[in-house]
Structure formats: C-alpha cells, structure tokens
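Visitor: I have one part of this protein in mind and would like a close look at it. Please take me through the helix packing there, contact by contact.

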Amino acid sequence: MINLKNFDNIRIVALISVLLLHTCLGNLGVDKFMIDMSELSLNSNYNQLLLNASYLNFFKCGTVLFFIISGFLFEKQFPTFNVFTFFIKKKAKSLLRPYLILFVIPTIILIWIIEPNVGRKEEYDFYLFFIKTIQNIFLTNYWFVPALFVTLIINYFIKSENLFKSLIFFSVIWLISYVNMYCHFVLTSHTVWFIGFFFVFALGRLMFVYNEKIASFRFMNKNNLILATILFYILSNIESMIILEYWHNTDYVNTLRIGNILYSFALFFLLNLFFNKLNFVLPINVSFYFIYLVHPFVMRLPSILWFANDLHELEYPLQYIYNIAHFLEVITICFVLQKIFFKLHFKSKYLSQYVFKK
C-alpha cells in the first residue's frame with residue numbers, strides 16, 4: 001500500500017531531482033542547436049542533445065512526484081476542510097508566507113534596486129521593471145508554489161464523489177497542452193500550462209481513495225515496477241527526440257509529456273515499495289522548503305563562474321560530471337545558509353519561527 005511514512009523520503013528524491021535539473025549547466029550542443037533546426041538530423045550536435053535529454057529526463061520526475069503526494073494528502077485531510085477561510089489561511093501560512101519572505105521580496109529588491117545599480121547598471125522604465133518582476137516570480141523555478149496554491153483552492157470545491165468527473169475534465173486540459181507541445185500553437189512551457197498538472201493532482205486524490213485496491217494489483221511488484229520505470233524512461237527520451245527533431249520545439253523535455261508522467265508514476269510506486277522495506281531517516285536536519293526557496297539565488301554566482309570558464313560548453317559524457325559538481329556546490333551553500341538562518345534570533349524567537357509559522 002501507499003504508506004504515508006514514505007512521503008518524506010519520496011519528497012527528498014523529488015527535491016533532489018528538481019535541484020539537479022535547475023543546476024544543470026547548459027552545454028554547447030543545446031546552445032548551438034538554434035543555428036539550424038532544419039538540418040538537425042545531420043547536425044553533429046544531435047548526439048549531444050540526445051545525451052542532454054537523457055540526463056534531464058532522468059530527473060524530470062520531481063514536479064510530478066510533488067503533485068501526486070500533494071493530491072494524496074489533500075484527499076486524506078479533505079474531511080477536515082470545513083471552513084474555506086480557515087483552509088485558505090492555513091495554506092497561505094504554510095506555503096505563501098515563506099514564499100513571500102524568502103523569494104518574492106528578495107526578488108523585487110534584486111530587480112528594482114541591486115541590478116540597476118550594480119554591474120552593468122542597466123536602466124529600466126517602470127514597464128520593464130514590472131515585466132521582469134512578473135517573469136521572475138511566475139515563469140522561473142518558482143512557478144510551483146503559486147501553482148500548487150491555486151490547485152489547492154480549486155480542489156477545495158471538488159467533492160470526493162466528483163473526482164472522476166473532474167479527472168475527465170482536467171485530462172482534457174492536459175491533452176490540449178500535450179498536443180500543443182507538438183503543434184506549438186502557443187507557448188508550451190509547463191510554467192504557463194500548470195493547469196495541466198490538475199489531472200495529476202486528481203489522480204493523487206483518487207490514489208488515496210483506492211489505496212487498498214491499488215495495493216492488490218498483481219502488477220505492483222518490484223520487478224514489474226522496475227521494468228515499467230525503465231520502459232517509461234526510454235519512452236520519455238524517445239518522445240523528446242520526436243518533439244525536437246520533427247516538431248522543432250526547443251521545449252523537448254517538457255514535464256507534461258505522457259512519457260515523463262508515466263515514468264514519474266511508475267517511479268513513485270517503486271519508491272514507495274523501496275521505502276516500505278527500508279526505514280531511512282536523514283542523519284541531519286534539513287529544511288527542504290528553505291533550500292528550495294533560496295537555491296536559485298545561490299545558483300547565480302557559481303553559474304557565472306562556471307560560464308566564465310566555459311565549463312558549460314563541455315561535451316557529454318564529461319558534462320555529467322560538471323552538472324553533478326555544480327549541484328553539490330549549490331546544495332552545500334544552501335545547507336550552510338540554512339544552518340545560519342535557523343540560528344538567527346529576532347526578539348525572543350528564532351527568525352525561522354516567524355517565516356515558517358503554521
């Protein structure tokens with residue numbers, strides 16, 4: 001069965017996957033890809049793009065895992081959500097308060113004060129300031145928090161008995177976003193099409209309702225889940241190459257691809273099975289939400305240094321080593337900042353108690 005005690009460990013896998021994606025250094029093959037898309041199959045960079053996709057797709061499971069867990073826990077707690085205002089306040093405190101203090105406010109300070117006066121000292125009018133602020137808040141690595149908050153609000157009004165109806169409706173929305181990846185009518189980024197994750201959230205809710213029935217499926221054994229995870233991962237890579245080569249869409253590792261969603265669900269069940277047998281607890285105290293919120297700020301300086309030394313232009317498979325090294329560098333700095341932050345006092349309380357107050 002899907003066991004709640006495994007969720008913390010699955011979250012660790014999900015967050016590490018997200019960080020490994022965000023700390024991935026752009027390589028020469030991807031950067032030069034835009035030069036001639038029509039001759040991609042003859043381009044020497046094609047193998048580089050395939051290897052880049054294999055790296056990215058391996059860690060593309062993180063966001064889907066988070067939505068599955070969120071949907072499962074939402075349905076578990078759903079009977080307690082009696083008053084909408086209480087529900088909103090609770091979620092705002094746990095999700096939006098840290099998001100506002102540790103990301104939105106520092107981002108505004110960075111864009112409106114630091115960037116215009118440090119370095120190149122570019123001059124922006126109010127319109128450009130506003131656009132840059134919106135882009136940094138909603139179209140970067142931080143899209144997930146407001147997207148999850150909106151998902152929670154919408155699902156508050158969907159009763160458990162209507163989950164299948166909502167699943168059909170949300171699946172149609174996802175299907176439109178999926179077709180758009182190939183036809184590219186409008187922007188395809190999952191940060192724009194975050195409503196495509198609604199059906200993943202609904203499936204997470206249904207997984208709680210039918211947990212016992214799912215556990216009785218004969219398919220749910222280790223060997224089958226390992227095989228399914230591998231096959232869906234291969235499918236995800238094939239799909240990326242089709243989107244890239246035949247449909248000329250640079251968003252070829254979009255999280256909402258069917259291959260990646262199937263891979264993520266298979267991995268979820270495999271991880272649940274694995275952690276059912278392994279009682280794993282991190283030996284150190286880590287605030288993963290804090291690390292998630294500060295890691296893009298931390299990434300800026302190391303990334304500049306890597307790019308200044310042309311380390312982002314190394315070819316695969318050597319690029320794998322530098323991607324992992326960059327990740328370790330960023331996660332280490334984030335962890336040090338966490339240790340410092342959680343020791344700071346303001347009046348009679350730790351500063352973290354004000355930020356992460358529930």
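Guide: What follows is a walk around helix α9 and its neighbours. Keep in mind that the model is predicted.

Start with α9 itself, residues 198–209. One partner is helix α8, residues 163–183. The two axes lie 8 Å apart, at an angle of about 150 degrees. Angles over 145 degrees count as roughly antiparallel, so α8 is roughly antiparallel to α9. The crossing is left-handed. From α8 come Leu 163, Phe 164, Ser 166, Leu 167, Phe 170, Ser 171 and Trp 174. They meet Phe 198, Phe 199, Ala 202, Leu 203, Arg 205, Leu 206 and Val 209 of α9. By class, that contact has eleven nonpolar, two polar and one charged residues.

Now take another partner of α9, helix α4, residues 62–77. Here the axes come within 7 Å and cross at roughly 50 degrees. The two helices are therefore oblique to each other. This crossing is right-handed. On the α4 side, the contact uses Val 64, Phe 67, Ile 68, Ser 70, Gly 71, Phe 72, Phe 74, Glu 75 and Lys 76. On the α9 side, it uses Val 200, Phe 201, Gly 204, Arg 205, Met 207, Phe 208 and Val 209. The classes are ten nonpolar, three polar and three charged. Arg 205 and Val 209 appear in the α4 contact and also in the α8 contact.

α9 also helps to line a pocket, the second largest. Its volume is about 340 Å³. Of its 18 lining residues, Leu 203, Met 207, Leu 262, Phe 265 and Phe 269 lie nearest the centre. Leu 203 is also in the α8 contact, and Met 207 is in the α4 contact. α9, α11 (222–247) and α12 (258–277) each supply at least two lining residues. α12 gives the most, with six. The lining has 18 nonpolar residues, with no polar and no charged ones.

One step further out, α4 packs on helix α1, residues 7–22. Their axes are 8 Å apart, at about 150 degrees. α1 and α4 are therefore roughly antiparallel, and their crossing is left-handed. Phe 7, Ile 10, Arg 11, Ala 14, Leu 15, Ser 17 and Val 18 of α1 meet Gly 62, Thr 63, Leu 65, Phe 66, Ile 69, Phe 72 and Leu 73 of α4. That contact has ten nonpolar, three polar and one charged residues. Phe 72 of α4 touches α1 and takes part in the contact with α9.

Notes:
Residues numbered from 1 in each chain as written. Predicted model: local features only at pLDDT ≥ 70, side-chain atom pairs only at ≥ 80, totals over all residues. Heavy atoms only, no water. Axes fitted to C-alpha atoms, helices over the stretch in contact; angles between N-to-C directions. Helix = DSSP H or I, 4+ residues; strand = E, 2+ residues; numbered from the N terminus. Parallel < 35°, antiparallel > 145°, perpendicular 65-115°, else oblique. Left-handed = near helix turned anticlockwise from the far one by under 90°. Contact = heavy atoms within 4.5 Å. Nonpolar A, V, L, I, M, F, W, Y, C, P; charged D, E, K, R; others polar. 1 Å grid on protein atoms, 1.4 Å probe; cavity = no way out; pocket = protein on both sides within 12 Å on 5 of 7 lines; lining within 4 Å. Points joined across faces, edges and corners; volume = space filled by probe spheres on them.
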